[in-house]
Amino acid sequence: MTDGALRRYHAPVWNEPVVSELGRRGERGIFVPSTENGIRKAVGPARTLVPKGMRRRVPPRLPELSQPQVLRHFLRLSQSVLGMDLNIDLGEGTCTMKHSPKVHEEVLRRIAEVHPLQDPETIQGLLEILYEFGHTFLREISGLDAFSFQPGGGSEAVYTNACILRKHLERRGELETRNEIITTIFSHPCDAASPATAGFKIVTLYPDERMGRPTTEALKAAVSKHTAGLFITNPEDTGIFNTEIDEWTRIVHEAGGLCAYDQANANAILGVTRAREAGFDMGFFNLHKTFSSPHGSDGPACGAVGVTRELERYLPVPVVTFDGSKYRLEYDRPDSIGKVRDFLGSVPVVVRAYAWALSLGADGLRQVAETSMLNNRYLEKKILAIPGVGKPYAVDARVDQIRYSWQKLKDETGVGTEDIERRMVDYGIQSYFLSHHPWVVPEPFTPEPCETYSKADIDYWATVLRQVAAEAYADPQTVKSAPHRSSISKMDPAPFDDPARWAMTWRAFLRKRGAGERARGTAGPRGP
Ligand SMILES: Cc1ncc(COP(=O)(O)O)c(C=O)c1O
């Protein structure tokens, strides 16, 4: 694919009902054989193994479908979206959508049968991977001493950092007085939300108009005897790297606080800068972003928490230890913050990350950083040549991503960033990431062309963006009413604000629909 040649794209439209509306009573995907007499005699009826108070009185109303129906349903759904492996997914800035090598799935097959309660003696190889990845790889990359892979994502890792800080303050008898966390508005929102969930008050610093980040003077004014810590992303979501970060951590330490580094935007600084030299006491990497594992957020993901030797005793349990001959799972750690996740956390994510780092080596990781920075610079040149785009703040050099603005385009055409991202889908490109809220940058969008994407990919993505911007000037209505070639059309957002019209569960939906139909006098049995 070369610059200038746009592909034709059209998503399939299956009009697929939700799974609860498919199938028929009695339909089955699998018939479970009844229990053999010998087992029944030895164990008794399975029902009696479940405590009385937990037994259902009526069976759950699960969908009843055959295997082909289930397969068809999920394949159709998978065709209705533009996934990471289907499109040039470089628009999802702050998410680092990179290729996850498929050969790693083969490695994973070998641990697929491991039971979470298996005796550690029988999973020494797996424990070695967990131990080595923390003690050798991430330690070298960050300079932090000890790691835990328990948290199931970045926000949970920040929560773990906040719990470690809370425990540390509690041990020092300072929890009552030190209760403020300082963060910045362009750090990820979880750097405020997670400490707030752990009981801290949040002080948010806003950017200086010229620098695009808060000044060091603003930090000095914010610290006090109430400062518990600094929770900060660097580079921030604007792609701006705070070059005075070591001064920031010094100021916070001097005020008596600790510093937690959100390194989820670490792609372009791997092997370049380290948390320890920057003065941080703890932090985390998102293995599902920077280290190639597929995303999963707080589901199948992993926020790898790292701490200095002084904070190691607070890490969540179990901690993988090695005595020179055996790997163990240590639970008996009196100062630990306890458990943040069941069993060993999302182990497959760690194994993929380990395989990825091992396949690249130290030089390869550094090359990842350099390539992603180069790609960002190249895309920047292409984007800034498109009419209507702006790059807020005077800071020229950005690291892994840039938060641009369509404000000029909006003023000139009425077409905003949400219209542009929907229209991109009509060209087979996943809608891009705008910004977390509040939008400090007006009409924002934040691409991140990490090392995965080739020059041709970047050229194509920029060509689509240029095409859509040109359409905004020539035919704004087409862009405003997009998408036109996707599996769904533009949605009316009004119902999102009306609790009577949305539901979080199928049961709640049926209840609300039933109430609506009763009110209209149309209630009655529905066909399969
Ligand atoms: C800088 C930063 N910190 C934290 C997070 C939160 O990670 P997660 O979505 O895994 O909770 C993200 C998400 O991508 C992020 O970009």
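This report walks through surface patches, aromatic contacts, salt bridges and backbone oddities in a predicted model.

## Surface patches

Let's start on the outside. Arg25, Arg56, Arg61, Arg507, Arg511 and Lys512 come together as a positive surface patch. One of its members, arginine 507, sits in helix α14, which covers residues 506-520. Its relative accessibility is 67%, so arginine 507 counts as exposed.

There is a nonpolar patch to look at too. Ile39, Val43, Leu49, Val50 and Met54 make up about 480 Å² of nonpolar surface. Methionine 54 belongs to the loop between α1 (37-43) and α2 (67-79). With 62% relative accessibility, methionine 54 is classed as exposed.

## Aromatic contacts

Searching the whole structure turns up 16 aromatic pairs. Take phenylalanine 285 and phenylalanine 291: their ring centres are 5.6 Å apart and their planes make an angle of 75 degrees, which is an edge-to-face arrangement. Both of these phenylalanines, 285 and 291, are buried.

That pair also has company. Phe285 and Phe291 are part of one aromatic cluster, together with Phe133, Phe137, Phe149, Tyr354 and Trp356.

## Salt bridges

Now for the charges that do pair up: the model contains 35 salt bridges. Two of them sit within helices. In helix α11 (residues 417-425), aspartate 419 and arginine 422 are about one helical turn apart because three residues separate them along the chain. Their closest N and O atoms are 3.0 Å apart in a salt bridge. Are these two partners buried or exposed? Both aspartate 419 and arginine 422 are buried.

Helix α12 (residues 455-474) holds aspartate 459 and lysine 455, four residues apart, or about one turn of the helix. Their side chains form a salt bridge with an N to O distance of 3.1 Å. The two ends of this bridge fall into opposite classes: aspartate 459 has a relative accessible area of 6% and is therefore buried, while lysine 455, at 53%, counts as exposed.

Elsewhere, aspartate 396 and lysine 391 meet through their side chains at 3.3 Å, N to O. Aspartate 396 is exposed, since its relative accessible area is 55%. Salt bridges also link Glu170, Arg171, Arg313 and Asp335 into a network.

## Cis peptide bonds

A couple of prolines deserve a look at their omega angles. The bond from asparagine 234 to proline 235 is cis, with omega near 0 degrees. Proline 235 is in the loop between β4 (227-233) and α8 (245-254).

Alanine 482 and proline 483 are joined by a cis peptide bond as well, here with omega at about 5 degrees. Proline 483 is placed in the loop between α13 (476-480) and α14. Helix α14 is also where arginine 507 of the positive patch lies.

## Positive phi angles

Which way does phi go at asparagine 15, positive or negative? This residue is not a glycine, yet its phi is positive, at about 50 degrees. Asparagine 15 is in the segment before α1, and a relative accessible area of 70% is why it counts as exposed.

Serine 292 is another residue other than glycine with a positive phi, in this case near 80 degrees. You'll find serine 292 in the loop between β6 (282-286) and β7 (303-307). Why does serine 292 count as buried? Its relative accessibility is 0%, and the buried class takes in anything under 20%.

Conventions:
Residues are numbered from 1 along each chain as its sequence is written. Side-chain values use heavy atoms; hydrogens and water are left out. Patches are made of residues with over 30% relative accessible area and no salt bridge: like charges are joined within 9 Å, nonpolar side chains (Val, Leu, Ile, Met, Phe, Trp, Tyr) within 5 Å. Accessible areas come from the Shrake-Rupley method with a 1.4 Å probe; for residues, only the protein chains shown count as cover. A salt bridge is a side-chain nitrogen of Lys or Arg within 4 Å of a carboxyl oxygen of Asp or Glu. Lys and Arg count as positive and Asp and Glu as negative; His and the chain ends are not counted. The place of a charge is taken as NZ of Lys, CZ of Arg, CG of Asp or CD of Glu. Helices (H or I, at least four residues) and strands (E, at least two) are DSSP runs, numbered from the N terminus. Buried means under 20% relative accessible area, exposed over 50%, partly exposed in between (1.4 Å probe, protein chains only). Rings of Phe, Tyr and Trp (its six-membered ring) pair if their centres lie within 6.5 Å; planes under 30 degrees apart count as stacked, over 60 as edge-to-face and the rest as tilted.
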